[in-house]
Amino acid sequence: MENSAMILADGKAIDWHRFEASLYDRFAVNAVTLTRTGERKTEGDVPWANALCALIKANPIGADRICNKLLKILLQAAREKRNLITGECAAGMNKYVLPIIQDDAIDGFVNICGRPFCNAERIYTDYISKTIAVDEETIRKLLPCLRPIDPHTLKEMKCFIKGYLH
């Protein structure tokens, strides 16, 4: 099986803020880098891939139930498998967690989300509405801002991450 991790050369320093921005600019995704314990490596606001993610993350219950619950599961799986792990959040967006490996140890993770896979028809507007206490019509109006991600773009993004330092 092909290894899908970001392998850092010994002692290689990275500007993680620039790396996150490059993922956002190139692929229109929410991108954050995390430490080995799951804390953010960078500070400041995250540029959101879409208004729906911004609405969900602005609500502490929404952020916890829709985003963070899956992130914890994917972090553990990526830690164990030392490989890219994907899943779908409770809103219907795909989430990707890729380990960052340095000196043959996991040094952190790349967390990417904010785009549904192939179409926006699987967004769970009813669940989002109930979780963040926003009417479903408001949520439906945000669906046109979603940019689905396709297999070709996923492959391109994975190659970009793995080759970022080269």
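## Exercises on a predicted fold

Among contacts (heavy atoms within 4.5 Å) in the protein chain between residues at least 6 apart in sequence, 62% join residues at least 24 apart. This is a predicted model, where local features need pLDDT of at least 70, side-chain atom pairs count only at pLDDT 80 or more, and totals for chains, interfaces and linings use all residues. Residues are numbered from 1 along each chain as its sequence is written, and side-chain values use heavy atoms, with hydrogens and water left out.

### Exercise 1: the overall layout

Work out in what order the elements of the protein chain run from the N terminus on.

*Step 1.* Start with the tally: 6 helices and 5 strands. Helices (H or I, at least four residues) and strands (E, at least two) are DSSP runs, numbered from the N terminus.

*Step 2.* Now walk along the chain, and you get β-α-β-α-α-β-β-β-α-α-α.

*Step 3.* Check the packing. The radius of gyration is 16 Å, close to the 15 Å that the globule rule gives for 166 residues, so the chain is as compact as a globular protein of that length. That radius is taken over C-alpha atoms, and the rule is 2.2 Å times the number of residues to the power 0.38.

*Step 4.* For the outline, the C-alpha trace spans about 50 × 30 × 30 Å along its principal axes. Of the 166 residues, 48% count as buried, where buried means under 20% relative accessible area, exposed over 50% and partly exposed in between (1.4 Å probe, protein chains only).

### Exercise 2: rings around Y164

Find which residues form one aromatic cluster, and classify the ring pairs that Y164 makes with F19 and F160.

*Step 1.* The structure holds 4 aromatic pairs. Rings of Phe, Tyr and Trp (its six-membered ring) pair if their centres lie within 6.5 Å; planes under 30 degrees apart count as stacked, over 60 as edge-to-face and the rest as tilted.

*Step 2.* Take F19 and Y164: the ring centres are 4.7 Å apart and the planes sit at 70°, so this pair is edge-to-face. The pair links distant parts of the chain, with F19 in helix 1 (residues 16–27) and Y164 in the segment after helix 6 (151–162), 145 residues apart.

*Step 3.* Next, F160 and Y164: with centres 5.8 Å apart and planes at 65°, the pair is edge-to-face.

*Step 4.* Look at burial. F19 is buried at 0% relative accessible area and F160 is buried at 17%, whereas Y164 is partly exposed at 23%.

*Step 5.* Put the cluster together: W16, F19, F27, F160 and Y164.

### Exercise 3: two residues of helix 6

Decide which residues T153 and I161 touch, not counting residues up to four places away in sequence.

*Step 1.* T153 is found in helix 6 and is buried, at 14% relative accessibility. T153 touches F27 and R115.

*Step 2.* I161 lies in helix 6 and is buried too, at 3%. I161 touches M6, F19, L23, L98, V110 and I112.

*Step 3.* For scale, I161 and L23 are 138 residues apart in sequence, and 8.3 Å apart in space, C-alpha to C-alpha.

### Exercise 4: helix 4 and its neighbours

Which helices do the buried residues of helix 4 pack against?

*Step 1.* List the buried residues of helix 4 (residues 125–132): T125, I128, S129, T131 and I132.

*Step 2.* These buried residues pack against helix 2 (51–58), helix 3 (60–81) and helix 5 (136–142).

*Step 3.* Finish just after helix 4, where A133 takes a positive phi of about 60°.
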